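Got your viewer open? Let's take a walk through this one, one selection at a time.

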Amino acid sequence: MAEAQDSLWGLVEEFVSGQQDSKATEVAAGVKDGAFTVLQVVEALGSCLANPEPRTRGRGVQLLSQVLLQCYANLKEKEVEVLVVFYENRLKDHHVITPHVLQGLKALSMSVVFPPGLAVSVLKSIFQEVHVQSLMQLDRHTVYMIITNFMNNREQELKSLGADFTFGFIQVMDGEKDPRNLLVAFQIVQNIITKNYSLGPFVEELFEVTSCYFPIDFNPPPNDPHGITREDLILGLRAVLASTPRFAEFLLPLLIEKMDSDIQSAKVDALQTLTAACAVYEQKELKEFLSGLWSSIRREVFQTASDKVEAEGLAALHALSAGLSRSVLSPDSEDLLNTFLSSILQDCRHHLCEPDMKLVWPSAKLLQAAAGASSRACLKVTANVLPLLLEQYNQHVQSSHRRTILEMTLGFLKLQSKWLQEEDGNGLANFKDPLCSMVFSAVTDPSTPLQQVAVKALTVLGTQQGFLSSGDIDLIVDHLTRLILEETDSQSCQAVIDSSGSLARVHPAVFISRMVPQLCSRLQTVPMEGTDDRGSAIPQRTVWQRCLEALAAISTHHSIVQETVPILLDHVRQAQKGDTIAEDVVAVCKSLHQVAVLCQENAESLCYYHQKVVPCLLSITVLAAMQDRGNAADLHVLLNDNVLTAMASLIISSTTHLSPDLLSSSVSQIVNLFLDGDVSILKENSFPSKFLPFQIDGPAAPQSRLVALFMAFVCSLPRNVEIPHLSRLLQDLLSLSLAGCCAFAFTSAAKCFAGLINKCPAGEQLDNSLQSASHKIESGLEDESRRTQAVTLLTWVTKALILRYHPMDGHLTNKMIGLLSDRDLGPLAADMFCLLVSDSPDILNKACHADIRIMFRQRFFTENVPKLVQGFNAANEDNKPNYLKALSHVLNCLPKQVLVTELPSLISLLLEALSCPDEVVQLSTLTCLEPLLLDAAAILSVHIDTLISKLLCLTSSPSMAVRITALKCMLALTKLPLPMLLPYKQQVIRALAKPLDDKKRLVRKEAVEARCQWFLIGSPGS
Amino acid sequence: MVGSSQLENANPLIYQRSGERQVTAQDEDEQLHDRIDDREIFDLIRSINDPEHPLSLEELNVVEEIRVKVEDKESTVSVEFTPTIPHCSMATLIGLSIKVKLLRSLPERFKVDVHITPGTHASEHAVNKQLADKERVAAALENSHLLEVVNQCLSARS
């Protein structure tokens, strides 16, 4: 014990007289270990605390405070009490000591055993003895922290101080300038207000001491280590200003004044603060200032040049209107909402009558913002505006005017349906007839833009349950059908199809009886090239395709799905005869795919779809494969690559969302079909021969193409659905993937193998399959005739393993990197890197329930990019492009944030890739660079000279895509810091004159943008 | 710029904007040579901002596609523009912006002629003369205040 005492005295001595700061930590450690107590530390300090020299006293207090900061949690209540009294007394001491005293008090304020009643006395002493604003930033921060700690732990005690606490704090923060401290101070004020501390007579003072910072004008210095942004301060201050209605009388005039400011950021801040404040204000606070606020908002929306200010102005008006709507009225008080809306209507109404003047849209937007706030506001505004718009529609005959009017009406109708849906007298009922006649007249107008708006309006009206009579709905559906079949403009036809989709959800029966039969009969006329009769404006083929799209789009209700699916399947079945072209079958399959996607929302429809569609497609394709004679020249249309791919994707969409119980029965049936030729799942049962898709050669070769459909099904199953005979399956797939059949079949088999491997649980089965795959790949790579197959399989298996972080993925990736220096396979392997890292559209993605770990790309990147770079450096000239291509594929798939951090090590390689003669490498490097240019100013500054000259050089590349992307990069460069660019301005402007005369228009367009932007840099007014 | 002071014409007529030019298969074909046509020139100038309003020259109908003539082979461009009101004090500035935009965006071989649509402005002749005079255009761009306003008209809208 005595030894400990001695060492403590030694440490204290070295700290105080020896000025060794590190000793404080040692003392603190001693206290924590229990080697000595706080009391002993105080005793040891005894003499220097009483020393006549203030600096020595300060040093002593500093040591104690630092010890306390580390050990405050171990203090007992009695100790805290004694220490607090000691520190409070020290506040009266010399000013040199004050910072250390505050540190000590901060430590004590964090103690959980802080004795009751002392917080008040500490704060009183601070308020009385310390002139906070003459302290250093850090010490002021300490004071704020002490107050914050007490507010968190001793709320009740502080409240007993009443308004004195608020007043004390006002004095503490008055004049604060440091942004770090302001953030804390704003938080304290916000707590004072929201936690109901007494403000007493100091409301205005509290407002003044905070509002003097409004609007925040702070730009963090470059490389600011504290990371405080202007936005942080703005939000902190806004939370204070908008926290209480008691500030209203001071805040609102201030906001009106700031909205008049010439600085745009001040306007935006004022409007946003108003929006925030309106959340707590009611009529009584707003009353006096309404007309001033309205005229400022109106001016901003009418005259502004900025979309941002306009949007904020509208948001503020919306909030004002909402605030007024919230108040409960006493019987004799005036309804301010009513008067406010009246003044808005008065100022905006007449502009609505001039549909070709500038102010028509701002007026409509203002009215809609006000109306959107509450049902009462909506009722009042629409009751006033709708009759006016209806009348205006009839007065103006020009279709562009009518369109503007109808579009405004549409805006009000949307608000109406949002607010007044559930109410009976929704105000629209009175206008039903004129509205209908307006919309129906517009929908038959020859002007396409007017028609488009009319369709939107029809949709809004039609989706309001019970508003239109059944006769009107019939009429709407007839109009939609007519437009689908006759509209010449493809964009507006698309809009009509979309609208049909949303209306069909509400009125399925009408669509089944009126639209489906018409579309169906038009589908019967099989399109033939060149058979268009001269009379019709649109080619038959387009109409035929539209019918397919429309049938798919309206399948939004179970009863409609039951109608459309059989129709579409019939059309696929017609291809059995073999006289249909592949493109048409693909179109029907796409339509079926669309139906599958729509069915995903509804379990019942999806189940129906799955049971109907999958067996049917399998039957007809199996039959086609058996009839096929295996002659590549006249392959059956149903076995065409594109047709099978389209079928595969619709099978995927119908499988991924189905419930596992339903799937498990179809899994065994489908696996039996493919493994053993068991045709029990198929609709027909008279097959000419046996179905043996995995038989590698012989008459069944065309059958192996159907593995694509098998892949679609088994690879999109949820992971908890068990697949029977998995190991036999994997073996069969493996042999097929390396067989000498057509590329479509072996690629499908490789993908299917990979898809199953990805989901296969770790264990012996997986290891065995991977073992044998690895062997087969090795031997395949040796065999001249099977090398392409082997590379394809290798790529897909590698991908499957990379996704799930399997330990073998590194080995396989190395093999792929090794192949890059192979004379024959190098280019193919380089292209395959794209497959490895990009998202796969069909299987092995999230939707197919694949096992995908987060950040697998980043992991792949960090593990393999160094190897690629190394390989590049070691490779001979012929193979270098392969490495660059592989590298740029990998880089292109990475998120930007990752790339920016890696850029320093890669930039020289990327610049080298720009000089690589291979256009694919050039293009993918440019696409990779373009988004990075903004975030990498510092790294690029060293290379800017090379970069600019290489980019300029590529602007005359023979490939149009390269020229365009190079020019896009030149445009992106203009966002870099000015000093980096100015030395090159004249050179670039001269060089960019050349692509202005490029023979391709798309290149000239980019050249113009880049060149004009380079003219603007460093020039006044930009 | 004008800020909150009164505008000369606060509530002008607004015309519809034409959409982006559709990219055709011919545009995508590497081999074909696309000639510079009227629409391409119009696309260069239609998005120029009006000095007073947050609107483009196209929306104010100051420039129209039919008033743009280009002969790619002869390397000549002629653009007529129509001020919104006959006494518009901004006419010279608008003309200057159009001229500068075309000088920056067209190959050097082109001769650029910008003038007011006949009969639509009080001092049409004087403005046309100023715009046609190379030296006066060059001198105007030396004036940093004028250059600032022109650049604002040519900057992309925020």
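Keep in mind as you go that this is a predicted model. Start by selecting B:Ile14, B:Tyr15, B:Gln16, B:Arg17 and B:Glu59: of the 44 residues lining the largest pocket, these lie nearest its centre. The space in there comes to about 1500 Å³. Colour the lining by residue type and you should find 15 nonpolar, 16 polar and 13 charged residues.

Now bring in chain A. Helices H17 (290–303), H18 (307–326), H20 (360–371), H22 (399–419) and H24 (448–463) of chain A each give at least two residues to the pocket lining. Which helix supplies the largest share of that lining? It's H22(A), with six residues.

Next, zoom to residues 880–892 of chain A, which form helix H42. From first C-alpha to last, the 13 residues of H42(A) reach 18 Å, close to the 18 Å expected at 1.5 Å a residue. Is H42(A) largely enclosed or not? Eleven of its 13 residues are buried, so the rest of the structure largely encloses H42(A). Try clicking on some of the buried ones, including A:Tyr883, A:Leu887 and A:His889. To see what the buried residues of H42(A) pack against, show helices H39 (809–819), H40 (826–837), H41 (856–874), H43 (896–915) and H44 (919–929) of chain A.

Finally, show chain B on its own. Trace its sequence and you'll meet the pattern α-α-β-β-α-β-α-α-α. Its radius of gyration is 16 Å, close to the 15 Å that the globule rule gives for 158 residues, so chain B is as compact as a globular protein of that length. Of those 158 residues, 48% count as buried.

How values were computed
Residues numbered from 1 in each chain as written. Chains lettered and ligands numbered in written order. Predicted model: local features only at pLDDT ≥ 70, side-chain atom pairs only at ≥ 80, totals over all residues. Heavy atoms only, no water. 1 Å grid on protein atoms, 1.4 Å probe; cavity = no way out; pocket = protein on both sides within 12 Å on 5 of 7 lines; lining within 4 Å. Points joined across faces, edges and corners; volume = space filled by probe spheres on them. Helix = DSSP H or I, 4+ residues; strand = E, 2+ residues; numbered from the N terminus. Nonpolar A, V, L, I, M, F, W, Y, C, P; charged D, E, K, R; others polar. Expected span 1.5 Å × (residues − 1). Buried < 20%, exposed > 50% of the residue type's maximum accessible area, 1.4 Å probe, protein only. Contact = heavy atoms within 4.5 Å. Rg over C-alpha atoms; globule rule 2.2 N^0.38 Å.
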